[in-house]
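Look at the model below and follow how its helices pack against each other. The paragraphs after it go through a few places in turn.

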Amino acid sequence: MNWGVFLPYLAVTALVTYLIRMLPLTVFRREIRSRFVRSFLTYIPYAVLGAMTFPDVLYSTGDLRTAVCGVAVAVALAWRGRSLLTVAVAACCAVALAQGALLLM
Amino acid sequence: MSGAFRKGIRHGIPIALGYLSVSFTFGMKAVGDGLSVMQAVLISMTNVTSAGQFAALPLMLANASMVEMAMTQLTINLRYALMSLSLGRKLDDSMGTPQRLAFSFMNTDEIFAVASAQPGRVGKTYLYGLMLTPWFGWVLGTLLGAAAGTLLPAFVRTALGIAIYGMFLAIILPPSRKQTSVRFVTLTAIALSLAFRYIPGLNTVSSGFSIILCAVLAASAGALRYPAGEEAEA
């Protein structure tokens, strides 16, 4: 892509993304009194990640069947408290194996 | 090297490995769409946001206006504002304004999730360690994908697509198992997310906005029903 076209886009995407992350961390620094708001912010990580994971994970491999295999393995290991890396790698291996199994069928 | 820095690095390694697979895909797609390897890498170096970067590609190709590009990024990435707001409460006194300005750049979904999961408050030394390897992972993966993506067998590329979700599950499931409040919030968010994807009418909401709506509704429901959740955790 032509650099003259590319660079303004690069600047806009980087700047907007940075401002979204930076402003709440630097501007809002008062101690929050409301118990509701404090609980709300404590729960936000789980709410965001839950909503980002489902249903998107089911489409992440392009085949629902292999994705379900990957999710099943990931859930089983994550439930037991295994590390991020273990769960991620095992899910990938499960998907790879499921793809192989589908080819043989 | 201090202990906190090393601990941050250690916690960042799985994130970096997860990023390799996602940014690899981004690099491959960007070059396939007509960007140069250098351009793909520059986007990853300066943005560090998967959904935002993937969404930017078609807009660049379509010669979209800068306003449209800015609005798309704002919508898709607005969830980071919630995360920054939430994480701000966990930072200790070592995180002054310059440190906050520096860390903001890398407050990604995964770094935020790992930092949030630490007991007590987190300081600059730990956070700098935590953000270092994921940035290199993100940039390196983009470079490899852009330069050599097509060399990798298709089945490997496909399998890598699930890596990032495996990490998300590893973050949300253990606390969901232990705490009723977290389980309630997680399941509510998932139920809402499914509704916004499959129910006619609701599924016209863009994916960026739907994540924000789901997160705000589920966390509000959790805060109403289990307002003591935070105290129980501390």
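H1(A) passes helix H3 (residues 50–61) of chain B in a right-handed crossing, meaning that the near helix is turned clockwise from the far one by less than a right angle (anticlockwise would be left-handed). Helices here are DSSP runs of H or I with at least four residues, numbered from the N terminus. The model is predicted: local features need pLDDT of at least 70, side-chain atom pairs count only at pLDDT 80 or more, and totals for chains, interfaces and linings use all residues. Residues are numbered from 1 along each chain as its sequence is written, while chains are lettered from A and ligands numbered from 1 in the order in which they are written.

Two packed helices are described by the angle between their axes and the distance between the axes. For H1(A) and H3(B) the angle is about 150 degrees and the axes are 11 Å apart; axes are lines fitted to C-alpha atoms over the stretch in contact, and angles run from 0 to 180 degrees between N-to-C directions. The two helices are therefore roughly antiparallel, the word for angles over 145 degrees. Tyr9(A), Thr13(A) and Thr17(A) meet Gly52(B), Ala56(B) and Met60(B) there, where contact means C-beta atoms, placed from the backbone, within 7 Å.

Across the whole contact between the chains, chain B gives 83 residues and chain A gives 62. On the side of chain B, helix H10 (residues 163–178) contributes the most, with 13 residues.

H10(B) also packs on helix H11 (residues 180–198) of chain B, at about 130 degrees and with axes 6 Å apart. That angle makes H10(B) oblique to H11(B), a class for angles from 35 to 65 or from 115 to 145 degrees. This crossing is left-handed. Ile172(B), Pro175(B) and Ser176(B) in H10(B) meet Val182(B), Arg183(B) and Thr186(B) in H11(B).

Which residues of helix H6 (residues 97–104) of chain B are buried? They are Arg100(B), Phe103(B) and Ser104(B), where buried means 20 or more other C-beta atoms within 10 Å, exposed 12 or fewer, and partly exposed in between. Seen down the axis of H6(B), these residues fall within an arc of 100 degrees, so they line one face of the helix; the arc is that of the directions from the helix axis to the C-beta atoms. Their cover includes helix H1 (3–26) of chain A, together with helix H5 (79–88) and helix H8 (124–148) of chain B.

Note on methods: Two residues are in contact if their C-beta atoms, placed from the backbone, lie within 7 Å.
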